[in-house]
Amino acid sequence: MKKLLDIIILLTVVLTASALDKQQAKVNDIKKNKEYLYSEATMPTQKEAASVAYEQIQHEVLSWAASRVSRPIDKVSLKDINNLVDTLVLRRADMYRVFAYVKKNDLVPMFYDKGIVQDDSLDLGVMELFPQIAETKVDSTVAKEEPKPAEVKENKKPQKSLVDDKLKQELQRRFFGSKNSALQKIADARNFFELKHILPPLKADGSIINYGKLATAEKLEECFLIVYDVAGNIKALLGRGEETRPNLKTGQEDRLENYRGCGAIWFTMKDKDLEN
Amino acid sequence: MSFIVCQLSFCAAYNQVRLVINDGIENQQLKEKMEHAVSSVMTVVNSSYEANLSKLSFPETYMVKDAQGELNKLWENEHFQCVEEEIVERLITTRSGYQVRGIPLIVKTAGEGDELGYQEAVINFDAQGVIVSFYYTINPELYSRLRMNQSQDKRYEVTDLKERMMILDYVEHFRTAYNQKDLKFLRQVFSDDALIIVGRVIKTKKTEVIPSGNKVIYSTQTKHEYLKNLERSFKNSRYIKVNFDDITIVSHPTITGIYGVTVHQKWNSSGYSDEGYVFMMWDFRNPDLPQIHVRTWQPDFIDKARGQKLNPNDVFTLGDFDL
């Protein structure tokens, strides 16, 4: 009987230790995974440990988000992230260890609701691809008028063109012919959030050669330029050229210098793809 | 025979600790070097704990001699082990190299029977990834608050992160020095003309001003006198456990590099324990050799039986000392 009791006790200890090991392994896996933000606290009581861990993860969330959008963020409170944060509770000697964690992508819808980002499907990592005005080569003076935030809607109808029909046809022929559906797609984008879904697939299927931030362009005169304002609204699509460039939406002669305070993305296409 | 081999293998595997640095460094080679160093050191610590060895021994490729000495001083005071097989932590860049914090230790203090406590260690590396020091952290929550600059005392708060971390680093080392009975470090850190003030509670006549009949009187000591008394205390105590909590750091309003650090100290040794406020005036004008010019100690309670605590306004601060 005693032997049986000993075996039961031993099994309980082993199973408990095994469960704790699994929790510990889970904590370490999360810490090694760049998709998560985390914090932890070891304190005499579980309540104290949880309180500190939550406070620290709020700090982590704010720091991380601020670094992605290049400005301080003060709209996020502990209450906002509480529902998104999971915790694990472990023991260390006579202390309680609370490990709090949240997946970065789970934060994005909350940031969208708070107006911190404009697109609820946006991976905040893409903010680096589409730089703010500091990236532009043109003189970065502040725009005179406060632009409206870019709207992102399901129904992406193209804007009404400002060009007369004849010029439009010419532009269509030269740039937006059936062989140049790539340019048409780019021209249809109203803000850089939409470009996120347009440029990568076009590069992947060879419709465009490459794209990137304005500062990374090697031969700028050979690049098309997508110009956007501080709120991400696309202001112009400019064709190739040195001092002057054709504005592919208006048909007018244009210059990059006319868009001071804006940012720009360049892209390149093969010449043969531009011919009818 | 195979059972014994299995048992030995199990013990060896049981003692092994692996450090994984998850952030804070791009140089992969250096990262692996530091991971390997900490893994090896902690595995030696665990094996020594298991075998109840009186001294720790490490190859010098992982750890400089001075750091080995510091670790052994700590070991003389209390044995500890890391019960987690894998530790995942960020690497912090410091003024002179790197640092990893949050190494979890279960500590068995000499003289406390089977009672085990919890401490976290901080390990410092030089720029080449060699361990240069190993000591206990202050309360991790406090460290986080101070790092995030969320201290309660906003007067002349030290706002620069690098400054705060530098000061915290030394405060941690200072605290561990008591646990290590490291007179050499304490001799170096106190300036030669340091002013040591010790308060003690005495009984006096009850008056309107002193209704309890208890009051605090202060006596001064030179550095030499203070360290001589400390040496005696170290010799007569089997173990020393010092904990700092409730830390405040303020910078001098006009003199750059001078800071006032106030801690609530819990002193526990074989045969004696107390709690009180320690104020230190730190001079970081030579950051390679920071010094303490003033150290004061005041008891927590004026009348413990009645629960009469020292008035927080009576705790010494930087403003009480004319530079």
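A residue counts as partly exposed when the number of other C-beta atoms within 10 Å of its own falls between the two cut-offs, 20 or more for buried and 12 or fewer for exposed. Keep that in hand for the close-ups below, which all show a predicted model.

**View 1. A:Ala93 sits in a loop of chain A with an uncommon sign of phi for this view to show off.** A:Ala93 is found in the loop that links β2 (86-92) and β3 of chain A. Although A:Ala93 is not a glycine, its phi is positive, at about 55°. There are 17 other C-beta atoms within 10 Å, so A:Ala93 is partly exposed.**View 2. B:Lys181 offers a companion case in chain B.** Here the loop is the one between α5 (161-180) and α6 (183-189) of chain B. B:Lys181 is not a glycine, yet its phi is positive, at about 55°. Is B:Lys181 buried or exposed? It counts as buried, because 21 C-beta neighbours lie inside 10 Å.

**View 3. Confidence varies along chain A, so please read this view with the pLDDT in mind.** The mean pLDDT of chain A is 73, and 65% of its residues reach 70 or more. Strand β3 (residues 95-103) of chain A has the highest confidence, with a mean of 92, while helix α5 (residues 165-174) of chain A has the lowest, with a mean of 55. Over residues 118-163 of chain A the pLDDT is below 50, and this stretch has 80 contacts in the model beyond near neighbours in sequence.

**View 4. Chains A and B meet in a contact to which each gives 14 residues.** On the side of chain A that touches chain B, α1 (2-32), β1 (36-43) and α2 (46-69) of chain A each supply at least two residues. The largest share, four residues, comes from α1(A). By residue type, this side of chain A divides into five nonpolar, five polar and four charged residues.

**View 5. A:Leu195 is a buried residue of chain A.** Look for A:Leu195 in helix α7 (residues 192-204) of chain A. With 24 other C-beta atoms within 10 Å, A:Leu195 passes the cut-off and is therefore buried. A:Ile265 is 70 residues away from A:Leu195 in sequence, and their C-alpha atoms are 9.9 Å apart in space.

**View 6. An open antiparallel sheet of chain A has four strands.** Their order is β4-β9-β5-β6 (chain A). At the edges are β4 (210-213) and β6 (234-238) of chain A, each of which pairs on one side only. From one strand to the next, the twist averages 20°. Zooming in on one pair, strand β5 (residues 224-228) of chain A runs antiparallel to β6(A) and is joined to it by four bridges. A:Ile226 stands opposite A:Leu237 in β6(A).

**View 7. Helix α2 (residues 28-50) of chain B spans 33 Å.** The helix has 23 residues, and the distance from its first C-alpha to its last is close to the 33 Å expected at 1.5 Å a residue. Which residues of α2(B) are buried? They are B:Met34, B:Ala37, B:Val38, B:Val41, B:Met42, B:Val44, B:Val45, B:Asn46 and B:Tyr49. After α2(B) comes B:Asn52, with a positive phi near 55°. For the wider setting, chain B has seven helices and 14 strands, and buried residues make up 33% of its 323 residues. Among contacts in chain B with a separation of 6 or more, 59% join residues 24 or more positions apart.

**View 8. Six strands of chain B form an open sheet with mixed pairing.** The order is β8-β7-β12-β11-β10-β9 (chain B). β8 (214-221) and β9 of chain B each have a single partner strand, so one side of each is left without a neighbour in the sheet. Neighbouring strands are turned by 20° against each other on average, direction ignored. Helix α7 (residues 223-236) of chain B lies across β7 (190-203), β8 and β9 of chain B, and runs at about 65° to β7(B).

**View 9. Strand β10 (residues 258-269) of chain B pairs with β9(B) and with β11(B).** Ten bridges hold the antiparallel pairing of strand β9 (residues 240-251) of chain B with β10(B). One bridge has B:Ser251 as the partner of B:Tyr259 in β10(B). Six residues lie between the strands of this hairpin, where B:Gly257 takes a positive phi near 95°. Towards strand β11 (residues 272-283) of chain B, β10(B) has twelve bridges, again antiparallel. There, B:His264 stands opposite B:Tyr277 in β11(B).

Conventions: Residues are numbered from 1 along each chain as its sequence is written. Chains are lettered from A and ligands numbered from 1 in the order in which they are written. This is a predicted model: local features need pLDDT of at least 70, side-chain atom pairs count only at pLDDT 80 or more; totals for chains, interfaces and linings use all residues. pLDDT is the predictor's confidence in each residue, from 0 to 100. Two residues are in contact if their C-beta atoms, placed from the backbone, lie within 7 Å. Ala, Val, Leu, Ile, Met, Phe, Trp, Tyr, Cys and Pro count as nonpolar, Asp, Glu, Lys and Arg as charged, and the others, Gly among them, as polar. The expected span of a helix is 1.5 Å times one less than its number of residues. Two strands pair if DSSP finds at least two bridges between them. Axes are lines fitted to C-alpha atoms, for helices over the stretch in contact, and angles run from 0 to 180 degrees between N-to-C directions.
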